[in-house]
Amino acid sequence: MSETYKAIEVTKPGEFSLANKPLRDPGPGQVRIRVEACGVCHSDAATVDGLFPIEWPRVPGHEVVGKIDALGSGVQGWTVGQRVGVGFLAGSCGYCEFCRNGDLVNCKNQEYTGIHDDGGYAEVMIAKASGLVSIPDDLSSADAAPLLCAGITTFSALRNCPAKASDLVAVLGIGGLGHLAVQYARHMGFEVVAIARGNNTAELAKKLGAHHYIDSAAADPAAALQALGGAKVILITASGGKTVAATFKGLRPGGVSIALGVGPEPIDVTSMDLIFASRKVEGALTGTPAIGDATLRFSALSGVSAMIETVPLDQAAAAYAKMMSGKARFRMVLVTKNGAGQGAAEVRQI
Ligand SMILES: [Zn+2]
Ligand SMILES: [Zn+2]
């Protein structure tokens, strides 16, 4: 009798279903993971809504933490029993032009977890060893899960940005990404400005470590940033192009707006505003496995954590719906029977 495991599949756009899938061995270069926790990310919509060409059924989920229970042939550097994470980028090929030049994020043969291959809404997942991230012992699996996408994305953008300690760094949007970005920015030594609509998140933003809060509904955020001296970096965690444009003139000369939220809306910025203060707009796509290791290590060292709500794996559809409705505060995390009983930390005071 062959062993099976539970997985939550999307069988066609918008439809979740519980499946019992046969356990299979990892192929060359792959590991098999007993999943303990998996975060629910807005980008899971790419699977659930079928935004990419997808072979149905497909298991979503790219914020996966679990223990390796089998190694495929040729896998080196990882051991059975080790706790690992898998993010959105499923693993680089090692031989394409970009890999050969050290740019693993833009590997031409990179697949996306939960889109090209089954992801972590399951008790078991097969993953490429080249995409794995190490999980520090002092982070629970549920706490570590959201750091594999929301964490890496914000940490990587801030770690690679041109701001230095004491520079003014603004985080636009205090949601799943933004509430982590504010904490990272504070712990990296920046003067941190949180920008959001309304005053509901002002207190939370301060608690997360923001020195200043700008209510973009009450004040022109670009003028408010200039009143503080102008931002060296604005991290845009919201997805609208208009939000990038509305804050752009809040950059000091040589500053950069970094877009992290994906959306179809164009960014309407004049060449005048680009050229006359040597400003830049750029995008950043998650990060390499090494940046993933650093994200988790830094989070454990500094006490940065996501505010999470954990639910059992079989409530994946409800957790996904809550995340999509914008009601999650701020990340939903699915916990399997392998990860049950693990406590999740409260958000920590700065
Ligand atoms: Zn994600
Ligand atoms: Zn490659």
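User: What makes C93, C96, C99 and C107 count as donors of the zinc ion (ligand 2)?

Analyst: Distance does. The SG atoms of C93, C96, C99 and C107 lie 2.3 to 2.4 Å from the zinc ion (ligand 2), and a donor is an N, O or S atom within 2.8 Å of the metal (3.2 Å for Na, K and Ca). Water is not among the atoms, so sites may look incomplete. Keep in mind that this is a predicted model, where local features need pLDDT of at least 70 and side-chain atom pairs count only at pLDDT 80 or more, while totals for chains, interfaces and linings use all residues. As for bookkeeping, residues are numbered from 1 along each chain as its sequence is written, chains are lettered from A and ligands numbered from 1 in the order in which they are written, and side-chain values use heavy atoms, with hydrogens and water left out.

User: Why is the site of the zinc ion (ligand 2) called tetrahedral?

Analyst: The angles among its four donor atoms run from 103 to 116°. Four donors count as tetrahedral if all angles lie between 85 and 135 degrees; four count as square planar and six as octahedral if opposite donors are over 155 degrees apart and all others between 65 and 115, and anything else is irregular. The site of the zinc ion (ligand 2) fits the tetrahedral rule. Ideal angles at a metal are 109.5 degrees for four tetrahedral donors.

User: How are the donors of the zinc ion (ligand 2) spaced along the chain, and why do C93 and C107 tie parts together?

Analyst: The spacing is C-x2-C-x2-C-x7-C. C93 sits in the loop between β5 (83–86) and α2 (97–100), and C107 in the loop between α2 and β6 (124–128), so the pair links parts that are 14 residues apart in sequence. Those element names come from DSSP runs: helices (H or I, at least four residues) and strands (E, at least two), numbered from the N terminus.

User: Why is C107 called buried?

Analyst: Its relative accessibility is 6%. Buried means under 20% relative accessible area, exposed over 50%, and partly exposed in between, with a 1.4 Å probe and protein chains only, so C107 makes the buried class.

User: What holds the zinc ion (ligand 1), and where do C41 and C149 lie?

Analyst: The protein donors are C41 (SG), H62 (NE2) and C149 (SG), at 2.0 to 2.2 Å, spaced C-x20-H-x86-C. C41 lies in the loop between β3 and α1 and C149 in the loop between α3 (141–144) and α4, so this pair ties together parts 108 residues apart in sequence. C41, at 6% relative accessibility, counts as buried, and C149, at 9%, is buried too.

User: What makes the largest pocket a pocket, and which residues lie nearest its centre?

Analyst: On a 1 Å grid over the protein atoms alone, a pocket is an open set with protein on both sides within 12 Å along at least five of seven lines, whereas a cavity is a set of points where a 1.4 Å probe fits but cannot get out; lining residues have an atom within 4 Å of a point. The largest pocket holds about 1500 Å³, where volume is the space filled by probe spheres set on grid points joined across faces, edges and corners. It has 50 lining residues, with H42, L177, T237, S239 and G261 nearest the centre. Helix α8 gives the most to this lining, with three residues.

User: How does the lining of the largest pocket divide by class?

Analyst: There are 28 nonpolar, 18 polar and four charged residues. Ala, Val, Leu, Ile, Met, Phe, Trp, Tyr, Cys and Pro count as nonpolar, Asp, Glu, Lys and Arg as charged, and the others, Gly among them, as polar. The second largest pocket, at about 360 Å³, has eight nonpolar, two polar and eight charged residues in its lining.

User: How many cavities are there, and what lines the largest cavity?

Analyst: Three cavities of 30 Å³ or more turn up. The largest cavity has a volume of about 70 Å³, and its lining includes G87, F88, L89 and P289.

User: What makes the pair of Q183 and S305 a polar contact?

Analyst: A polar side-chain atom of Q183 lies 2.9 Å from the backbone oxygen of S305. The cut-off is a pair of N or O atoms within 3.5 Å; within protein, one must be able to donate a hydrogen and the other to accept it, and residues adjacent in sequence count only if both atoms are side-chain atoms. Q183 sits in helix α5 (residues 178–187) and is buried at 2% relative accessibility.
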